[in-house]
Amino acid sequence: GGTAARMVATATDEDVAVSAPPSTDAEVEFPPPLSRVDRLQRAAKFWSSALPIVASYYGTTGELFLREKFLGENITDDMRQTAWNERHEAGS
């Protein structure tokens with residue numbers, strides 16, 4: 001391994017435009033805290049969307065592993081990249 005060169009930039013007052021926030025007398029109202037049922041509903045909605053995505057990525061990992069170890073396929077880097085590109089495209 002080589003040593004990577006690192007560049008450091010320092011911002012000066014001339015580089016950064018600073019302005020004061022607009023002056024208003026309006027107050028910000030925050031919504032009330034969610035009830036336990038509302039929090040559970042929010043969590044269920046999130047996981048119902050996220051879990052299939054996470055599972056599909058684990059599935060791709062498992063499929064590649066099984067094809068190599070049990071079916072004896074020689075999975076090249078290009079084949080592996082193609083499988084992941086297809087997974088990413090399906091998930092987008």
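A residue is called buried when its relative accessible area is under 20%, exposed when that value is over 50%, and partly exposed in between, using a 1.4 Å probe and protein chains only. By this yardstick Val54 is partly exposed, because its relative accessibility is 38%. Val54 sits in helix H1, which covers residues 36–69. Helices here are DSSP runs of H or I with at least four residues, strands are runs of E with at least two, and both are numbered from the N terminus.

The model is a predicted one, in which local features need pLDDT of at least 70 and side-chain atom pairs count only at pLDDT 80 or more, while totals for chains, interfaces and linings use all residues. Residue numbers start from 1 along each chain as its sequence is written, and side-chain values use heavy atoms, with hydrogens and water left out.

On the whole-chain level, the protein chain holds 2 helices and 0 strands. Of its 92 residues, 5% are buried. The accessible surface, calculated by the Shrake-Rupley method with a 1.4 Å probe and, for residues, with only the protein chains shown counted as cover, comes to about 8800 Å². Carbon and sulfur atoms account for 58% of that surface.

Val54 also takes part in a nonpolar surface patch of about 590 Å², together with Phe46, Trp47, Leu51 and Tyr58. Patches are built from residues with over 30% relative accessible area and no salt bridge, joining like charges within 9 Å and nonpolar side chains (Val, Leu, Ile, Met, Phe, Trp, Tyr) within 5 Å.

How are the two helices H1 and H2 placed relative to each other? Their axes come within 10 Å and cross at roughly 160°. Such axes are lines fitted to C-alpha atoms, for helices over the stretch in contact, and the angles run from 0 to 180 degrees between N-to-C directions. H1 and H2 are therefore roughly antiparallel, given that angles over 145 degrees earn that label, those under 35 count as roughly parallel, 65 to 115 as roughly perpendicular and the rest as oblique. The crossing of H1 past H2 is right-handed, meaning that the near helix is turned clockwise from the far one by less than a right angle, whereas an anticlockwise turn would be left-handed.

Charged side chains provide the next part of the picture. A salt bridge requires a side-chain nitrogen of Lys or Arg within 4 Å of a carboxyl oxygen of Asp or Glu, and the count by this rule is 3. One of these pairs Arg80 with Glu68 at 2.9 Å, N to O. This pair links distant parts of the chain, with Arg80 in helix H2 and Glu68 in helix H1, 12 residues apart. Arg80 is partly exposed because its relative accessible area is 26%, and Glu68 is partly exposed too, at 27%. Elsewhere, salt bridges with shared partners join Glu63, Arg67 and Glu73 into one network. Within it, Arg67 meets Glu63 at 3.6 Å, N to O, and Glu73 meets Arg67 at 3.0 Å, N to O. Arg67 and Glu63 are separated by about one helical turn, because they lie 4 residues apart in helix H1. Relative accessibility is 22% for Arg67, which makes this residue partly exposed; Glu63 is partly exposed at 43%, and Glu73 is partly exposed at 30%.

Two further residues are worth a look. Leu64 belongs to helix H1 and is buried, because its relative accessible area is 3%. The C-alpha atoms of Leu64 and Asn74 are 9.9 Å apart, with their positions 10 residues apart along the chain. Is Ala90 buried or exposed? Ala90, in helix H2 (residues 77–91), is exposed, because its relative accessibility is 56%. Ala90 and Ile53 are 37 residues apart in sequence, yet their C-alpha atoms are 9.5 Å apart in space.
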